[in-house]
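I opened this notebook to keep track of what I looked up in one structure, in the order in which I looked. What can be read from the backbone, the sheet and the core?

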Amino acid sequence: MRWEDARRSDNIEDRRGDDYADAGGGGGPMMGGAGHLGLGTMVVLGVIAYALGIDPRILIGGAEMLNNFRGGGQTVEQQAPRQQSTRQTGAPSDQIGQFVAAVVGMNEDVWSDVLPKQKNIKFTPATLVMFSGATRSACGAAQSAMGPFYCPIDQKIYLDTSFFRDMKQKFGGGGDFAYAYVISHEMGHHIENLLGILPKVQRAQQQAGSRAEANGLSVRVELMADCLAGVWAASANSKWRNIDPDDIQKAVATAQAIGDDRLQKSSRGYVVPDSFTHGSSAQRVQWLQRGMQSGQVDSCNTFSR
Ligand SMILES: [Zn+2]
């Protein structure tokens, strides 16, 4: 994938140099010690992950799920929302920062075109927060082990770029387009939020009769985000001719590698479909490809099937 000539987004918040105690921004008063907060949140995450039968260490988009289940867990409510960062935004100057800003920029350009055209909705940008180790979000503390996630409350995407290294080393997926797919998947959640789907799903999950039913809704949200990432790729390629078939192969391999069945198998040796929250590898590939082939937001309606 070629991204070097792409416009860099300014909606990047670089918190990589921060330590966690400072992560709220501006050096303002803290609510409790950083260590206490971090531990508390890890416990909350751990409890949720345990309840869902998922190893929190390999949870991808764990905080997405955390957010989906906010209504169900009072402990999670206590983590939200804290003071907003006052940090300046803008494209970082290092290579990975430039890459992230370029992918976010390409997402902004595509979606400010596609959303009004296809859905008669105005696109408002999300901010991408780059961090290392841990930071704070309006949805609770962000830990790099949770993987990238989108917080609908502050409309920010949280990304520890060490995830890209993990993708390459642990899941065998790498390459610029595969990384762009991860960012665009999170942007897909932002699009779902702008479409009003996330709040609806959250309400439905609170009324869900079982864990399996609530998880089923999460899977649909996740597969839709995969499909929307595909819609982005289709539009990006027709605008800039910057994606090669080889890139797509690599992204598909990544989608295959980070399906819930694969993750569960590699961590526990067996599969528990009841606790799937991202969908199986085959489903993820199928929905990503559907978006890429159609280029249409409406083709991503995972709730109608
Ligand atoms: Zn997701």
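Before placing any loop I fixed my terms: helices (H or I, at least four residues) and strands (E, at least two) are DSSP runs, numbered from the N terminus. The model is predicted, and I kept that in mind throughout.

Entry 1, loops. I began with Asn120, which I found in the loop between helix 4 and strand 2. Asn120 follows helix 4, and I noted that its phi is positive, about 60°, although the residue is not a glycine. Is Asn120 buried or exposed? I counted 12 or fewer C-beta neighbours within 10 Å as exposed, and because Asn120 has 7 inside 10 Å, it falls in that class. I then looked up Gln155, which lies in the loop between strand 5 and strand 6 and is also a residue other than glycine with a positive phi, near 55°. Gln155 has 17 other C-beta atoms within 10 Å, so I entered it as partly exposed.

Entry 2, the whole chain. I noted 11 helices and 6 strands in the chain, and of its 305 residues 48% count as buried. Taking the contacts with a separation of 6 or more, I found that 75% of them are accounted for by residues 24 or more positions apart.

Entry 3, the sheet. I traced an open sheet of 4 strands in the order 1-2-6-5, with mixed pairing. Strand 1 and strand 5 (149-151) are its edges, each pairing on one side only, and the twist from one strand to the next averages 25°. Going through the pairs, I recorded that strand 1 (residues 12-14) and strand 2 (residues 127-130) run parallel over 3 bridges, with Leu128 of strand 2 as the bridge partner of Ile12. Strand 2 is also parallel to strand 6 (residues 156-159), over 4 bridges, and here Met130 has Leu159 as its bridge partner. Strand 5 and strand 6, by contrast, pair in the antiparallel sense over 3 bridges, and Phe149 stands opposite Tyr158 of strand 6.

Entry 4, the hairpin. Strand 3 (residues 134-137) and strand 4 (residues 140-143) I looked up separately, and they form a hairpin with 2 residues between them. Their pairing is antiparallel over 4 bridges, and the bridge partner of Arg136 in strand 4 is Ala141. Both faces of strand 3 are covered, with Ala134 and Arg136 buried on one side and Thr135 and Ser137 buried on the other.

Entry 5, helix 4. How far does helix 4 reach from its first C-alpha to its last? I read 35 Å for the 25 residues of this helix (residues 95-119), close to the 36 Å expected at 1.5 Å a residue. There is nevertheless a kink of about 25° centred on Trp111, and Trp111 is itself among the buried residues of helix 4, which also include Phe99, Val100, Val103 and Val114. What covers these buried residues includes strand 1, strand 2, strand 6, helix 6 and helix 8.

Entry 6, helix 6. I checked helix 6 (176-194) in the same manner: its 19 residues should span 27 Å at 1.5 Å a residue, and the end C-alpha atoms are 27 Å apart, so the two values agree. The helix is mostly covered, with 17 of its 19 residues buried, and it lies across strand 5 and strand 6, running at about 25° to strand 5. Gly196 follows helix 6, and I noted a positive phi for Gly196, near 80°.

Entry 7, the core. In soluble globular proteins, nonpolar side chains tend to be buried together. Here I found that the largest nonpolar core has 67 residues, and that Val100, Val103, Leu128 and Leu228 are those with the most contacts inside it. The largest share of this core, 11 residues, comes from helix 8 (residues 211-240). I closed with Val100, which, leaving aside residues up to four places away in sequence, touches Ile12, Leu128, Met130, Leu159 and Ile183.

Conventions:
Residues numbered from 1 in each chain as written. Predicted model: local features only at pLDDT ≥ 70, side-chain atom pairs only at ≥ 80, totals over all residues. Pairing = 2+ DSSP bridges. Core = buried A, V, L, I, M, F, W, Y, C linked by C-beta atoms within 7 Å. Buried ≥ 20, exposed ≤ 12 C-beta atoms within 10 Å, placed from the backbone. Contact = placed C-beta atoms within 7 Å. Expected span 1.5 Å × (residues − 1). Bend = angle between axes of the 7 residues up to and from the residue. Axes fitted to C-alpha atoms, helices over the stretch in contact; angles between N-to-C directions.
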